[in-house]
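Trainee: Please choose a single part of this model and take me through it slowly, from what lies right beside it to what lies further out. I am new to this structure, and I would like each term explained when it comes up.

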Amino acid sequence: MIRLKGVSYNYPDGRLAIDGIDLQIEKGTFTTIIGDNGSGKSTLVRHMNGLLTPSEGTVSVCGMDTSDPEDLRAIRQMVGMVFQDPHSQAVGATVEEDVAFGPENLALEREEIRNRVSASIFDVGLEGSEEHLLMYLSGGQLQKTALAGVLAMKPEYLVFDEVTSMLDQASRSQVLEIVLKLNSMGKAIIYVTHHLEEALASDRVIVMEGGSIAIDGSPSYVFRELYDSGQSIPPLMELVFRLHDSGILDKDVLPVNINSLMEELCRSM
């Protein structure tokens with residue numbers, strides 16, 4: 001479990017970035033974090049593997065304190081992070097070299113490194129691209145390579161910090177499919193995005209506002225709260241809520257994609 005208790009963080013200039021956060025992330029869950037720019041999303045998740053340490057409060061990962069330097073190595077193996085710009089994580093010339101970098105730093109046996117690299121490249125759908133140069137990859141391929149490098153460390157938790165914000169629609173869909181696959185394999189996902197429709201795939205949605213958690217709950221609950229307050233939500237969810245309010249669709253029915261919505265509408269008719 002990742003546990004944050006009373007976590008606040010101040011920027012070096014004294015400005016408050018996050019304020020009094022209490023939060024638990026369980027193994028195997030899929031949590032999406034949304035909010036406006038400057039709401040504290042990235043600052044929050046960077047506390048989860050010790051990239052930042054709180055000005056106040058504590059952050060622990062499976063009982064290990066992120067403020068304890070002796071725990072950081074184990075914490076960062078357990079909590080992997082993939083960032084918005086994949087170039088910031090690139091360290092090798094080829095896909096294979098880049099993915100192998102982390103396991104090599106763990107001083108693993110050569111056979112174990114090969115197995116991890118091969119499995120991670122397969123999991124993100126880049127098999128056959130092992131010798132491709134990173135400088136010639138597309139944005140989506142680079143992001144998959146960065147993810148494979150994190151997977152090769154065998155983390156229990158995966159933090160994605162706006163990883164699809166620089167990608168086209170097709171690449172975004174591919175990355176999200178991989179994320180869902182990893183969650184189905186038992187990985188806990190913490191997914192920061194400003195594409196609200198991506199949050200429909202998760203178990204839980206957290207809305208950040210002014211450095212605090214404003215809303216926390218299931219996608220249907222959170223988007224209903226946003227809808228009722230007049231805020232923008234994914235068009236699919238807006239349509240679902242309009243159908244609820246008009247009595248066409250039962251309020252207990254909450255389809256999260258267009259195909260399941262069509263099935264429910266056919267059933268109700």
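**A close look at strand β8**

Mentor: In β8, the residue Y191 has F160 standing opposite. Residue numbers start at 1 in each chain and follow the sequence as written. The model is a predicted one, in which local features need pLDDT of at least 70 and side-chain atom pairs count only at pLDDT 80 or more, while totals for chains, interfaces and linings use all residues, and side-chain values rest on heavy atoms, with hydrogens and water left out.

The names of helices and strands come from DSSP runs, numbered from the N terminus, where a helix is H or I over at least four residues and a strand is E over at least two. Two strands are said to pair if DSSP finds at least two bridges between them. β7 and β8 meet this with five bridges, in the parallel sense, and strand β3, residues 30-35, is also joined to β8 in parallel, through four bridges. Within that second pairing, T31 stands opposite I190, and T32 stands opposite Y191.

How much of β8 is buried? Five of its five residues are, so the strand is largely enclosed by the rest of the structure. Buried here means under 20% relative accessible area, exposed means over 50%, and partly exposed lies in between, with a 1.4 Å probe and protein chains only. The cover is on both faces, since A188, I190 and V192 are buried on one side, and I189 and Y191 are buried on the other.

I189 shows what the surroundings are like. Leaving out residues up to four places away in sequence, I189 touches T29, F30, T31, L158, F160, V179, L182 and N183, where contact means heavy atoms within 4.5 Å.

Some of these side chains belong to a nonpolar core, which is a set of buried Ala, Val, Leu, Ile, Met, Phe, Trp, Tyr and Cys residues joined through side-chain atoms within 4.5 Å. The largest such core has 30 residues, and those touching the most other members are L147, F160, I189 and Y191. At least two residues each are supplied by α3 (95-105), α4 (110-123), α5 (139-151), β7 (157-161), α6 (169-184) and β8 (188-192). Of the contributors, α5 gives the most, with six residues. There is also a second, separate core of 28 residues, which includes L4, Y9, M81 and V192. In soluble globular proteins, nonpolar side chains tend to be buried together.

Now step back to the sheet. Its six strands form an open sheet in the order β6-β7-β8-β3-β9-β10, and the pairing is mixed. The edges are β6 (79-82) and β10 (212-217), each of which pairs on one side only. From one strand to the next, the twist averages 20°. Helix α2, residues 69-78, packs on this sheet and touches β6 and β7, with its direction at about 60° to that of β6. α5 likewise packs on the sheet, touching β6 and β7, with its direction at about 170° to that of β6. Such angles run from 0 to 180 degrees between N-to-C directions, and axes are lines fitted to C-alpha atoms, for helices over the stretch in contact.

On α5 there is one further partner to notice, namely α3, which packs against α5 at an angle of about 35° with the axes 7 Å apart. Here V95, D98 and V99 of α3 meet T145, A148 and G149 of α5. By class, the residues of this contact are three nonpolar, two polar and one charged; Ala, Val, Leu, Ile, Met, Phe, Trp, Tyr, Cys and Pro count as nonpolar, Asp, Glu, Lys and Arg as charged, and the others, Gly among them, as polar.

Finally, return to the surroundings of β8 and look at K41, which lies in helix α1, residues 41-45. K41 is buried, with a relative accessible area of 5%. Although K41 and Y191 are 150 residues apart along the chain, their C-alpha atoms are separated by 9.8 Å. Apart from neighbours within four places in sequence, K41 is in contact with I33, I34, G35, D36, E162, V192, T193 and M208.
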